[in-house]
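Please work through the exercises below with the structure open beside you, and try each task before you read its solution.

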Amino acid sequence: MENEAEKKFFRLQHIIPRSLSAASVKVSAGSSPIRETVSANANPEEFVFKMTYGNVAGKIWGPPDGHPVLALHGWLDNAGTFDTLIPLLPPNLRIVAVDTAGHGLSDPFPPDIAYNFVDSVLGIERLARHFKWDKFSLIGHSLGGAMAMMYAGIYPNKVDKLVCLDVVRVIPTKTETIHLRLQKATHKLLKLENAIIAGPETPVSYAMAVERCVLGTFGSLDEKACDVLFKRGLKKVEEDGYVFTRDRRLLAAPLSFIAKEHQLFLAHKVTADVLIIKFSEGPYFETPEDYEEHIEALKTSSKRVQYVTVDGMHHTHLRNPESVAPIISDLFKDL
């Protein structure tokens with residue numbers, strides 16, 4: 001990246017916390033409208049599913065005979081990102097929210113195995129087979145939404161509803177910069193691997209962990225939202241000393257890239273009802289014209305494609321779920 005604007009955009013593309021001085025965002029208590037909610041979906045059950053490399057953890061909401069829904073969080077978040085939203089959704093949904101590999105309470109990939117987008121598709125399919133779902137719905141935020149969009153194009157007959165929160169698709173690979181992105185990702189990953197070999201992370205105070213996440217997401221998270229995510233994303237290791245549970249290697253950009261042409265091809269295959277909710281102050285990874293091109297491709301096979309803009313930042317679904325829940329609930333009203 002040649003200048004600060006490009007560096008900031010690269011960071012926004014991955015929503016990755018960096019150093020504390022990277023953004024001029026103040027941390028203030030009580031700034032979030034997160035509310036306590038009570039509904040049929042108020043008491044999820046924890047579960048652990050064994051993958052080939054280790055365990056995937058998550059929580060299940062709703063009745064056993066409810067319509068199956070898989071909820072996928074964003075990069076460096078965890079299943080807690082849906083804690084305030086799911087209780088506001090229809091009670092007849094059986095929602096499985098997972099911590100994807102290396103996030104939250106799920107195990108990391110083995111050493112020397114890097115994270116990439118295709119792994120998420122494989123993980124979704126493993127979970128669908130585990131739960132014996134012939135057809136199900138997907139709700140994804142940020143990277144989770146991008147993975148859901150890709151899966152719905154690869155397995156169109158398995159997905160009936162697709163909800164993408166503040167994302168349309170994986171950021172397409174640009175041929176003219178792919179070598180630079182691969183160089184940057186490779187160097188960052190090797191640096192992180194060396195740091196892991198050198199020893200564990202230095203513990204920080206709870207307040208410092210909050211500050212890192214608030215500043216690292218440019219104010220998209222606030223203190224109350226961090227409290228929710230930290231139930232799975234932060235571990236106490238000493239008196240007033242905490243470390244993040246996520247695999248440090250996730251701080252590197254993924255090594256796999258997907259061209260726009262490939263994603264448009266998959267978009268033509270999607271048959272699910274599609275709802276894309278864009279948060280007005282969230283990151284725009286592409287131009288409006290690029291988004292429109294993908295949405296038009298979705299209309300080829302999907303009978304319902306809806307694009308809605310909601311006021312708020314990248315984590316509006318967590319901080320202000322009341323603004324999002326009615327729109328999502330409308331998508332599921334025919335079940």
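The exercises that follow concern a predicted model.

**Exercise 1.** Find which residues of helix α8 are buried, and explain why they can be placed on the same side of the helix.

*Solution.* We begin with helix α8, which covers residues 288–298, and there we find Asp 290, Tyr 291, His 294, Ile 295, Ala 297 and Leu 298 buried. These residues cover an arc of only 155° around the axis, and therefore they lie on the same side of α8. On the face turned away from this buried side, we find the exposed residues Pro 288 and Glu 289. As a last step, we ask what the buried residues pack against, and the partners are α3 (143–154), α7 (260–269), β9 (273–279) and β10 (305–310).

**Exercise 2.** Describe how α7 and α8 pack, giving the angle and how far apart their axes are.

*Solution.* Two packed helices are described by the angle between their axes and the distance between the axes. Here the angle is about 35°, and the axes of α7 and α8 are 7 Å apart. The crossing in which α7 passes α8 is right-handed. On the α7 side the contact is made by Lys 260, Gln 263, Leu 264, Ala 267 and His 268, while α8 contributes Asp 290, Glu 293, His 294, Ala 297 and Leu 298. Sorted by class, this contact has 4 nonpolar, 3 polar and 3 charged residues.

**Exercise 3.** Decide whether Arg 232 counts as buried or exposed, and name the residue whose side chain it joins in a polar contact.

*Solution.* Arg 232 belongs to helix α6, residues 223–233. Because its relative accessibility is 4%, Arg 232 counts as buried, the cut-off being under 20%. The side chains of Arg 232 and Asp 99 are joined by a polar contact of 2.9 Å.

Technical notes. Residues numbered from 1 in each chain as written. Predicted model: local features only at pLDDT ≥ 70, side-chain atom pairs only at ≥ 80, totals over all residues. Heavy atoms only, no water. Buried < 20%, exposed > 50% of the residue type's maximum accessible area, 1.4 Å probe, protein only. Helix = DSSP H or I, 4+ residues; strand = E, 2+ residues; numbered from the N terminus. Arc of directions from axis to C-beta. Contact = heavy atoms within 4.5 Å. Axes fitted to C-alpha atoms, helices over the stretch in contact; angles between N-to-C directions. Left-handed = near helix turned anticlockwise from the far one by under 90°. Nonpolar A, V, L, I, M, F, W, Y, C, P; charged D, E, K, R; others polar. Polar contact = N/O pair within 3.5 Å; in protein donor to acceptor, adjacent residues only side chain to side chain.
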